[in-house]
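Biologist: I am new to this structure and would like a close look at a single part of it. Please take one helix and the loop that comes after it, and go through them slowly.

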Amino acid sequence: MTLVQAAKYIVPVSRSAAEQVKALRQMASGKFISASTPGVYQYQENTPAPRRRRIMRDLEGPLTVMPPSNSEA
């Protein structure tokens, strides 16, 4: 199997271990400095995930950055 073929099977930890990640976020809430916002990290369960750009890469060509789709909002 090539690296490109294998990459199709990668599952983000945020999906494969969602419950463990949630538990870590809850444990960290109010105890640690936030890496993304000023002040102490506060976990809020119902906040929408930030919209992310999709990056599609042809290993032989240039990098293409696409805006998030409406379904990811």
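Modeller: What follows begins with the chain as a whole and then turns to helix 3 and the loop after it.

This is a predicted model, in which local features need pLDDT (the predictor's confidence in each residue, from 0 to 100) of at least 70 and side-chain atom pairs count only at pLDDT 80 or more, while totals for chains, interfaces and linings use all residues. Residues are numbered from 1 along each chain as its sequence is written, and side-chain values use heavy atoms, with hydrogens and water left out.

The chain has 3 helices and 2 strands, in the order α-α-α-β-β along the sequence; helices (H or I, at least four residues) and strands (E, at least two) are DSSP runs, numbered from the N terminus. The average pLDDT of the chain is 81, and 63% of the residues score at least 70. Among its elements, helix 3 has the highest mean pLDDT, 94, and strand 2 (residues 63–66) the lowest, 61. Of the 73 residues, 7% are buried, where buried means under 20% relative accessible area, exposed over 50%, and partly exposed in between (1.4 Å probe, protein chains only).

Within helix 3 lies A28, which is buried because its relative accessible area is 14%. A28 and Q42 are 14 residues apart in sequence, and their C-alpha atoms are 7.8 Å apart in space. L24 also lies in helix 3, but this residue counts as exposed because its relative accessibility is 56%. Together with M27 and F32, L24 makes a nonpolar surface patch of about 310 Å²; patches are made of residues with over 30% relative accessible area and no salt bridge, with like charges joined within 9 Å and nonpolar side chains (Val, Leu, Ile, Met, Phe, Trp, Tyr) within 5 Å.

The structure holds 1 salt bridge, that is, a side-chain nitrogen of Lys or Arg within 4 Å of a carboxyl oxygen of Asp or Glu. The partners are K22 and E45, whose closest N and O atoms are 2.9 Å apart. Because K22 lies in helix 3 and E45 in the loop between helix 3 and strand 1, the pair ties together parts that are 23 residues apart in sequence. K22 itself counts as partly exposed, at 23% relative accessibility.

In the loop between helix 3 (18–28) and strand 1 (54–57) we also find S34, which counts as buried because its relative accessibility is 11%. The side chain of S34 reaches the backbone nitrogen of S36 at 3.2 Å. Once neighbours within four places in sequence are left aside, S34 is in contact (heavy atoms within 4.5 Å) with G39, V40 and Y41.

Key. A polar contact is a pair of N or O atoms within 3.5 Å; within protein, one must be able to donate a hydrogen and the other to accept it, and residues adjacent in sequence count only if both atoms are side-chain atoms. Accessible areas come from the Shrake-Rupley method with a 1.4 Å probe; for residues, only the protein chains shown count as cover.
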